[in-house]
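This report introduces selected features of a single structure to a reader who has not met it before. The sequence and the structure are shown first, and the discussion follows.

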Amino acid sequence: MKVILVVVFLVISLPSFGQGLKANGKVIVDNQGAEVLLRGLGPGGWQIMEGYMMQTSGIAGTQHEIREKLVVLMGEENTETFFRKWRENHFTQRDVDSLAAWGFNSIRIPLHYNLFTLPIEDEPVQGEHTWIETGFQLIDSVLKWSAPHDIYVILDMHACPGGQGTASAEINDYDPDKSSLWEDHPNDPGGSQRNKEKLVALWTRIAERYKDEEWIGGYDLINEPHFDLPGGTELRELYEDITDGIRSVDTDHIIYIEGNWYANDYTGLTPPWDDNMVYSFHKYWSFNNENDLDWVLPMRDQYNVPLWMGESGENSNTWFTDAVKLFEENNIGWAWWTIRKVGDIDSPYAVDINPGYQKVIDYWKGEGPQPTEQETFDGMMQLAENLLVENSRYRKDVPDALFRQLHTDETIPYSDHQIPGIVYLSDYDLGKNGFAYFDKDVADYHLSTGEFQAWNSGWSYRNDGVDIQSNEDEVNSNGFHIGFTDKGEWIKYTVNVLEQGVYRADVRHATDVSNSKFHLSIDNQSITTSLPVPYTGGWEAFTTMSVDDILLEAGTQELRIHFDQSAVNVGSIEFVKEVDAEIDVEFMTADVGSDEHSINLFINQELKESSLANTTGAFEVSVNGTPQEITEVILGQSRTIVIALKDPILFTDQVKMTYSGSSIVSMSDDPLRPFTNIDVLNNLDKRFLLPGKIQAEDYEVQVGFGLEETTDTGGGQNIGYTDVGDFADYKILVREEGMFSVSLRVAAQNSTGRIGFYLVDGSGTETKLIEVGTPRTGGWQTWETVTGEGLEIPVGIHILRMKVLKSGFNLNWFEVSEVAPLESNIENKTRTILYPNPTERYIKILGPAYSKYEMLDIGGSKILSGEFGQDQIINVQNLKTGIYVLLLTNYKSEVTRRNVLKIR
């Protein structure tokens, strides 16, 4: 029997996405239809030099000025030789390999038109276009290097024919002696139109050449136009003309459209005119709050078009991490600026200024003699040679901030620190502020605040908030030291202690003051006292201070240096093992706990926990000279005694402590030596005491506001640019219960507003206190005071939130004033305080006597209940982690108070 097998082939029609990337609704997809979130970096300075990246701003800001000045010093031929070498070395295959290894999937190449075609002034036949292969060859090379890594190449016309803006000539090589893209020079009628025609023709030729390239990620038509173009009409017309030229030869690749005024004004540029288009915005030097993109996100939703953050950077690592997190949480791809700069810290590679180039700069500034032709040529060629990866300074903290730190608070070692050995203090761990280090100035937000803030005031070595300076110290130096230190700051190092034992620490330091102090800790436990640092004769006069009797356990640990008082420069610490050393059991330092109700006492050896029982009477604590009630003494970590206090401590308080006992012993039964009236470090954050006045700009955190200088009495800044949902949080301490009023200093041009005040607990839950309406005052700096009554704030430490309920006002300050004590509190006007909160083991209640308590879970079910008198403890260690409500009912007044409690 003959069997016939019939095979049926089904042809399934799949959507075709063509070459490269494509806009698909609100997202960007590849040629298989898979969504792509662009993570890019640009080789700024490669094809177009910008003076601020060459350290020549103010003397030769634009590329044509740099070139003209070099021709004067070393001639046309040498200048051309230098520029060829610059382009050859600035961006290479090794750079692309690095980008792939770090995690980038795209490169935004800033193009200078004059590498592709002649300027209109140099065309042999006016109106025609002479083509140059140089620019195309540069693109071809990047495509060749990128394809094996699946990296997309986005072409960015950074310098358009004539220049696309005049105010920032450096970024587009604008020459005021020639016609721009928008305006004719008096000696060149019709020049701007010819520049437009050349730009259209150039993009058409680029698209013709790369229309079939899979790894071309699209065409960014004009970088940061910035010119007065009313209604955006002229800009849109040019964009549409370029689009028509590109689409006549290439229907596949994305077209990226930047708004006017540095890519952020889309007036006249909506709705989209092409179905494969992406709107690109740029972001620099502004806050990175959760609603900071609210101005641009609606455009994506309204027009069903993707957004791309096409350029950002030039800030600190903290700003980098926060910005990228903001972009990616909103599903927006991004491109960073830039891969390398001359003599700067905020790019992955830094190019050193060699002595020959410095001579050129000094001459141009009028600060040095004219270098010879050979000196100039040698200096410039060395500068070009220093561009190579192997000759650049690699800032590994920058890629780490853009990628790893985005997803973790974990720190990792920057260097392999071993003890015994030298710890170079500039080589602290890689990680975020608050985890690898704590610094008070960590980013520049001057577009939001109106004031520039240097994050690394030494502007050397790394791009974090830690202030690093170069030095010429000849002892235990890697060429850098930590400077500009401030009270409360600290820096962390992962170290490997090879041998347990007693060590000496030799600290290289310099100071020009006489009241500096610092101390060292291991795994958050102090291993030295707070060390007074003597005057050394100047900030560069380094000397060695030796600290004896430091007991270290073997293994990998976290070393920190803490700056306790004033300023000191520190370069390195060498740990030397001491032979057969024995040490007494002594206190090292003490500080106020972050709960603001306790003191941490650090001892130099591990303690027996049982020896701390019944030792509250052995300690004395005073705050501003007044004795404080101690409620508990427990062992925290192995070397840390935690002393709980009845009353909270304010950040301005002076705290001292005495120990006169003999029962606390080490693991080897050696007693802790008594001490008298030691200073307790108080590095608590500022907390406003209420009743009192709070300046609106003195928030702990804020979302959505901008700051501006105020003309109101007293000057300073005010909060502005208010939108519904914007808020600012303030740390407060309320000393006494009562009824309060709140007065607000407000200004508004032509609308009324509304402000709400809330208490915010540890879980972010808001409890409304009061709402206050704001009037029209007739101007944004025409100030009036309005008052709301009926504000009740519980005694204790809180987060107070000021929130915009209706927008349209500026706020300078607000003041909380007591109207009268609560009726239930007149007879016994004392505080009701719960601490610690959050808690793990117990909650203590301080205040008026209560007859009963009830603890409810978040669903309202009763978990615990009971009766007690004044100042009692409730054991909660058997409860699950979560949020609870504690109801306290007074036995006299029957007033019930509701408290939110977090158990962790």
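## Salt bridges

D292 and K283 are paired through their side chains in a salt bridge, with 2.9 Å from N to O. The model in which this pair occurs is a predicted one. The two partners differ in their exposure to the surroundings: D292 is partly exposed, with a relative accessible area of 21%, whereas K283 is buried at 4% relative accessibility. The reason for the two labels lies in the cut-off, because buried means under 20% relative accessible area.

Side chains of opposite charge can pair when their charged atoms come close. By the rule applied here, the count comes to 49 salt bridges. Three of them are set out below.

| Salt bridge | N to O distance |
|---|---|
| D292 and K283 | 2.9 Å |
| E80 and R67 | 2.6 Å |
| E629 and K646 | 3.8 Å |

In the second pair, E80 and R67 meet through their side chains. E80 is partly exposed, its relative accessible area being 26%, and R67 is also partly exposed, at 25%.

The third pair consists of E629 and K646, whose closest N and O atoms are 3.8 Å apart. This salt bridge links distant parts of the chain, the two residues being 17 residues apart. E629 is located in the loop between strand 30 (626–627) and strand 31 (630–635), and K646 in the loop between strand 32 (640–645) and strand 33 (655–659). E629 is partly exposed, with a relative accessible area of 45%; K646 is likewise partly exposed, with a value of 22%.

Some salt bridges share partners, and in this way R67, E76, E80, R84 and R87 are joined into one network. The bridge between E80 and R67, at 2.6 Å from N to O, has both of its residues among these members.

## A negative surface patch

Charged residues also gather without such pairing. E290, D294, E329 and D723 form a patch of negative charge on the surface. Residues enter a patch of this kind only if they have over 30% relative accessible area and no salt bridge. One member, E329, belongs to helix 9, which covers residues 317–329. E329 is exposed, with a relative accessible area of 59%; it receives this label because exposed means over 50%.

## A buried threonine

Where in the model is T376 placed? T376 is part of helix 11, which covers residues 373–385. With a relative accessibility of 0%, T376 counts as buried. Apart from residues up to four places away in sequence, T376 touches L70, L73, M74, V360 and P371.

## Backbone features in loops

Two cis peptide bonds may be considered together. One joins T270 and P271, with omega at about 0 degrees. P271 is situated in the loop between helix 7 (260–263) and strand 8 (277–283). The other runs from W337 to T338, with omega near 5 degrees. T338 is found in the loop between strand 10 (333–337) and strand 11 (340–342).

Which value does phi take at D150, a residue other than glycine? Phi of D150 is positive, near 55 degrees. This residue lies in the loop between helix 4 (134–146) and strand 5 (152–159), and D150 is partly exposed, with a relative accessible area of 46%. D523 has a positive phi as well, about 50 degrees, although D523 is not a glycine. Its setting is the loop between strand 21 (516–522) and strand 22 (525–526). At 31% relative accessibility, D523 counts as partly exposed.

## A loop proline and its contacts

P794 occupies the loop between strand 44 (779–792) and strand 45 (796–806). P794 is partly exposed, with a relative accessible area of 34%. Which residues are in contact with P794, leaving aside its neighbours within four places in sequence? They are V734 and L759. As for I755, this residue is 39 residues from P794 in sequence and 20 Å from P794 in space, C-alpha to C-alpha.

Technical notes. Residues numbered from 1 in each chain as written. Predicted model: local features only at pLDDT ≥ 70, side-chain atom pairs only at ≥ 80, totals over all residues. Heavy atoms only, no water. Helix = DSSP H or I, 4+ residues; strand = E, 2+ residues; numbered from the N terminus. Buried < 20%, exposed > 50% of the residue type's maximum accessible area, 1.4 Å probe, protein only. Contact = heavy atoms within 4.5 Å. Patch = residues over 30% accessible without salt bridge, like charges linked within 9 Å, V, L, I, M, F, W, Y side chains within 5 Å. Areas by Shrake-Rupley, 256 points an atom, 1.4 Å probe, with all protein chains shown as cover. Salt bridge = Lys/Arg side-chain N within 4 Å of Asp/Glu carboxyl O. Lys, Arg positive; Asp, Glu negative; His and termini not counted. Charge placed at Lys NZ, Arg CZ, Asp CG, Glu CD.
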